[in-house]
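Open your viewer, load the model and keep the selection tool handy. We'll go from the whole chain down to a single side chain.

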Amino acid sequence: IIRYTGLFESIGAVLLSFVMIPQFGILKGIWKSVFLSVSAFCNAGFDIIGSDSLAPYVHDPLVCFTIMALIVLGGLGFAVWFDLRDKLTLLWKRDITWKKFRKSLTLHTRLVLGMTCILIFGTAMLILLMEFQNPETIGNFTFPEKIMTSLLESVTLRTAGFATISYGSLM
């Protein structure tokens with residue numbers, strides 16, 4: 001558990017540092033990257049960027065997708081990770097087929113993955129549709145930015161508490 005947590009948080013911190021170090025300098029940039037990575041992975045939603053949360057990075061795919069990945073990976077839980085790891089190893093070694101891989105996952109893993117997808121993509125679709133033309137949220141974004149922001153808000157609204165748009169401006 002410690003090894004996987006450290007791995008995911010470290011990768012997140014390295015990715016975030018590509019944005020944070022140029023903006024805040026080496027020491028502050030590393031600190032902010034590590035803090036955001038741990039906070040996102042733990043679904044804590046604490047940030048040390050400022051009162052706008054992640055709003056300054058609403059158009060930055062590296063920050064948005066890194067934060068989304070950390071939140072989802074942290075939210076899946078260790079039982080799901082270990083089940084996936086074990087079954088993917090069998091698949092990789094060709095001990096099972098893709099069809100058997102899906103059936104070999106525990107009921108818990110299948111439920112968690114299924115509900116996670118439904119909640120993320122269902123909510124993202126609702127946000128995208130409801131806010132598509134709202135100039136105070138995503139109305140003035142490019143289509144790919146609208147999708148990215150809808151996905152990030154969908155992921156973070158469930159558990160993490162980060163924000164790239166003003167929730168007070170939602171329709």
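How many positive and negative side chains does the protein have, and how far apart do the centres of the two sets lie? Select the two groups in separate colours: there are 14 positive and 11 negative side chains, and their centres sit 17 Å apart. Keep in mind while you look that this is a predicted model.

**The whole chain**

Switch to cartoon. You'll find 7 helices and 0 strands, so to speak an α-α-α-α-α-α-α run from the N terminus on. Orient the view along the principal axes, and the C-alpha trace spans about 50 × 40 × 25 Å.

Now turn on the surface. About 9700 Å² is exposed, with carbon and sulfur atoms supplying 70% of that area. Colour by burial next: of the 171 residues, 42% are buried. If you like contact maps, draw one here; among contacts with a separation of 6 or more, 63% join residues 24 or more positions apart.

**The largest nonpolar core**

Hide the surface and select Leu36, Leu54, Tyr57, Ile67, Met68, Ile71 and Phe162. These are the residues with the most contacts inside the largest nonpolar core, which has 33 residues. Then highlight the helices that give two or more residues to this core: α1 (2–24), α2 (26–41), α3 (61–76), α4 (78–92), α6 (107–131) and α7 (143–160). Which element gives the most? That's α3, with 7 residues.

Zoom in on Leu54 and show what surrounds it. Setting aside residues up to four places away in sequence, Leu54 touches Leu36, Ile49, Ile67, Phe162, Ala163 and Thr164. Apart from this core there is another one, of 5 residues; pick out Val58, Ile138, Phe141 and Ile165, which are among them.

**One serine to finish**

Go to helix α1 and select Ser17. Is Ser17 buried or exposed? Ser17 has 15% relative accessibility, and because the cut-off for buried is under 20%, Ser17 counts as buried.

Where does the polar end of that side chain go? Draw a distance to the backbone oxygen of Val14: a polar atom of the Ser17 side chain lies 2.6 Å from that oxygen. Finally, show the residues around Ser17. Leaving out neighbours within four places in sequence, Ser17 is in contact with Pro22 and Ser33.

Definitions and conventions: Residues are numbered from 1 along each chain as its sequence is written. This is a predicted model: local features need pLDDT of at least 70, side-chain atom pairs count only at pLDDT 80 or more; totals for chains, interfaces and linings use all residues. Side-chain values use heavy atoms; hydrogens and water are left out. A nonpolar core is a set of buried Ala, Val, Leu, Ile, Met, Phe, Trp, Tyr and Cys residues joined through side-chain atoms within 4.5 Å. Buried means under 20% relative accessible area, exposed over 50%, partly exposed in between (1.4 Å probe, protein chains only). Helices (H or I, at least four residues) and strands (E, at least two) are DSSP runs, numbered from the N terminus. Contact means heavy atoms within 4.5 Å. Accessible areas come from the Shrake-Rupley method with a 1.4 Å probe; for residues, only the protein chains shown count as cover. Lys and Arg count as positive and Asp and Glu as negative; His and the chain ends are not counted. The place of a charge is taken as NZ of Lys, CZ of Arg, CG of Asp or CD of Glu. A polar contact is a pair of N or O atoms within 3.5 Å; within protein, one must be able to donate a hydrogen and the other to accept it, and residues adjacent in sequence count only if both atoms are side-chain atoms.
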